[in-house]
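Thanks for coming, everyone. Let me put the structure up, and then I'll walk you through it.

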Amino acid sequence: MARRAFGLLGFLAVATLVALAPHWVSDFRAFQLATVGIYFIAIVGLNVLTGYSGQISLGHGAFMAIGGYTTAILMANHGVRDLWTIPLAALVAGVAGFLFGIPALRLSGLYLALVTFGIAVSFPSLLKKFAGLTGGGRGLNLFGLPQQTGGGVSVKLARHELTNNDWLYYLTWTIAGVLFVLAWLFLRGQAGRALRALRDSPVAAASAGVWPALYKTLAFGISAAFAGVAGSLLAIAVAFVNPDTFPISLSITLLVGAVVAGIGSVLGRFGSYVGPLAGASLIVFLQAYASDLLRWIEKGIPLHADPKAPGVPAVIFGLVVIVVMLLFPAGVGGVLDALTSRLSRRSY
Amino acid sequence: MRKLLLAGVLVAALAPTALGATRSDPGVDANSILIGGTAPLSGEASAGAGVARGAEAYFKWVNAHGGVNGRKIDYRYLDDGYDPSRTVQATRQLVQQDKVFAIFNTLGTANNLAIRSFLNQSKVPQLFSASGATTLGRDFGQYPYTMGYIPSYAAEGKIYGQYVVKTRPKAKIAVLYQDDDYGNDLLAGLRKGLGGRARQLVAKAGYDPTATDVASQVAQLKGSKADTFMIFAFGKFSLQAFFAMNKLGWRPKITIVNAVASASGLMALPPAKSTEGAISIVFTKDPANPAWAKDKGVKLFQTVMRRYYADGVKSGYAAAGASSAYTMVDALKKAGKDPTRASLVNAATHLNERGNPFLLPGILVKTTPRDRFPVSQLRLQRWHKGHWNIFGKLLVAKP
């Protein structure tokens, strides 16, 4: 009981923090935090797949692209308002993920990782191939379209005037909150147990009456739908898509974010939302401020590296990931889970 | 206590007015003007980074000589790798976080078009874009804060068309073009210049700006038996085209290469057999050309570069950047003692600049609110033995 109360209190505290954040930060920071919310959604989705059903995907950037392009094409070519495209993006990406999950049943571990990476590599070329639909390399511009809520300036919400960036922030984090609760509801019961059983021992699970094909493809579909929502929100936030909005490296970045978050952190515990929050923040802020970080390190250790040189952010990103993995092999979420379970046990 | 507090609030509220700071827009304070932009510092088109670095060098020179109306110009340019989606994010950061006064010299057609609605919505000037997209100068009704600098691509294409009609009326033309707004703009201009002879355009092959190679397109064009080859490409793609021509042993009677791909530094790289006799247009003084060695403008350019950007001493891209930086300084001076975004756009649409030291002699940088093509005069040049040689008289290049 005490543990429940503790968990609820933690969740409420984090939720309040998220709700009030735009009051304390600058307009641009709100935009960055909105992108953190976008990666949060994708990481929670990836955790359903990789953490729970044990299938590794290096192709989730492509599912984000499917969601992003669904939104962009509907807005730019079919006059659909941006908000309505979000569920459609989830549907399209979810169906694509479900269908991909069927052949994925025959593969596991490294082989599955390779095949999904194949999707990530080939998808940008596919987007360029169908230039008539996707705009090819020059992309689709969504800024200032009548379908864009607020036209990129400001949004009136219940008599409050929100700047575009604050609007994006609340939009992303509302959806992130809803999706997180949905994922929790899905995984806390039978489905979650079945997936974990399949991950730990497929044979034992099957003999206990779990249908592997159903649950594995379902996990793929749900996970891809989450990625689709993330991609859709990214398209709405940036208001521009081209194949480079969803580069090959995005898929790897997402997996790194999920690993830092803590693969398989049990949903509902403190670590299961703070973990993805940490993973998503790492993706957004480390990439944006890697060269500043290098400059800061240079003050202590003279490395004679040029912070403006291309490739520096990638190297710093890799280094930080190695350090995090060495210190917290279970990810940030895992560490927090261990800490909070010890704390709550003491309060029994 | 309460009175003291009230007084404090009043002072705080009035202080900016007293300093005259409330009248200016973001990015301008008593000592500096912050402008921003993006350039491909990395990736496929990183040769174009010289345009930003050349402009930066000239601003530093101006700052060392007193700045603009007592303010130093702080030019902050971010890397976008020639990728429009990164241009969008970087520009947003410049406008919303760094609070730049204006966006200047952003390189690339797709890149400029991707940020145009955002900047006009935010009422931030997007000036002297390093792109010749015709729409940047033409569609000011919809986008009043946007303006290019170099001659429009449509005008450039038109001049090539007119040149071919005049010198080889029976020519059969094949075109390699970048399949985006930039390449299609040049192609449309070429058709206009050919006029009734547009049928002589016998083959065209486009490539995606994110492609890796254009050799197969060149082979396809060679197969068309054309005797005139036009390269409407950028950066490494134009190099690949020359290399492919050489490998295939294709020697068209006329080879035309568009201006942004014709820097001497690039032209010197492919085998001389393939580049010899190539034709292009020119509007800046090429610092790599010994013909300009004694020119006052080029001497100034080299002094500036030696001090602030040593790699740019012979770079045509740096010269292009310096020329637009010169005009930017001109516009900022004209924008008044306390420039606003509106006064800057007003100044940029009333330019009448004679003697930009980095442009060809005789070119007048002139704009009006209804004519927004700053540089619209140019000359033809021919590549011969490792150098460009200018020929013909000054031509008017309007789309």
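**Two chains, one walk-through**

Let me start at a single residue: Phe128(B) has 28 C-beta neighbours inside 10 Å, so it counts as buried. Bear in mind throughout that this is a predicted model. Phe128(B) sits in strand 4 of chain B, residues 126–129. Look at its backbone too. Phi of Phe128(B) is near 50 degrees, which is positive, and the residue is not a glycine.

Now take Lys385(B). Its phi is also positive, about 50 degrees, and again this is not a glycine. Where does Lys385(B) lie? It is in a loop of chain B, between strand 13, residues 377–384, and strand 14, residues 387–396. Is Lys385(B) buried or exposed? It is exposed, because just 7 other C-beta atoms fall within 10 Å, and the cut-off for exposed is 12 or fewer. So the two positive-phi residues part ways: Phe128(B) is buried, whereas Lys385(B) is exposed.

Staying in chain B, let me zoom out. The chain has 14 helices and 14 strands. Its radius of gyration is 22 Å, and the globule rule gives 21 Å for 399 residues; those are close, so chain B is as compact as a globular protein of that length. The C-alpha atoms fill a box of roughly 90 × 40 × 35 Å along the principal axes. Of the 399 residues in chain B, 53% are buried. As for contacts, take pairs in chain B at least 6 apart in sequence: 68% of those contacts join residues at least 24 apart.

One example of such reach is Ala154(B). This residue is in helix 6 of chain B, residues 153–167. Ala154(B) has 27 other C-beta atoms within 10 Å, so it is buried. What does Ala154(B) touch, once residues up to four places away in sequence are set aside? The list is Thr134(B), Asp185(B), Ala188(B), Gly189(B) and Pro399(B). Then there is Ala397(B). It is 243 residues from Ala154(B) along the chain, yet their C-alpha atoms are separated by 8.8 Å.

On to chain A. Here the secondary structure comes to 14 helices and four strands. The radius of gyration is 20 Å, close to the 20 Å from the globule rule for 348 residues, so chain A is as compact as a globular protein of that length. Its C-alpha box is roughly 55 × 50 × 50 Å, along the principal axes. Buried residues account for 48% of the 348 in chain A. Among contacts in chain A between residues at least 6 apart in sequence, 78% join residues at least 24 apart.

Next, a helix pair in chain A. Two packed helices are described by the angle between their axes and the distance between the axes. The pair is helix 2, residues 27–52, and helix 12, residues 270–300, of chain A; their axes come within 8 Å and cross at roughly 125 degrees. That angle makes helix 2 of chain A oblique to helix 12 of chain A. The crossing is right-handed. Which residues make the contact? From helix 2 of chain A, they include Gln32(A), Tyr39(A), Phe40(A) and Asn47(A). From helix 12 of chain A, they include Pro276(A), Gly279(A), Ser281(A) and Val284(A). By class, this contact has 10 nonpolar residues, five polar and no charged ones.

A second spot in chain A is Thr172(A), in helix 7, residues 164–188. With 25 other C-beta atoms within 10 Å, Thr172(A) is buried. Neighbours within four places in sequence aside, Thr172(A) is in contact with Ala34(A), Gly37(A), Ile38(A) and Leu233(A). Those first three numbers fall inside helix 2 of chain A, residues 27–52. The C-alpha atoms of Thr172(A) and Ala237(A) are separated by 9.1 Å, with their positions 65 residues apart along the chain.

Last, the interface. How many residues of chain B are in contact with chain A? There are 21, and they meet 21 residues of chain A. On the chain B side, the elements giving two or more residues are helix 3, residues 84–97, and helix 4, residues 109–121. Helix 3 of chain B gives the most, with seven residues. The residues on that side of chain B divide into seven nonpolar, nine polar and five charged.

That's the tour. Over to you.

Terms used. Residues numbered from 1 in each chain as written. Chains lettered and ligands numbered in written order. Predicted model: local features only at pLDDT ≥ 70, side-chain atom pairs only at ≥ 80, totals over all residues. Buried ≥ 20, exposed ≤ 12 C-beta atoms within 10 Å, placed from the backbone. Axes fitted to C-alpha atoms, helices over the stretch in contact; angles between N-to-C directions. Parallel < 35°, antiparallel > 145°, perpendicular 65-115°, else oblique. Left-handed = near helix turned anticlockwise from the far one by under 90°. Contact = placed C-beta atoms within 7 Å. Nonpolar A, V, L, I, M, F, W, Y, C, P; charged D, E, K, R; others polar. Rg over C-alpha atoms; globule rule 2.2 N^0.38 Å.
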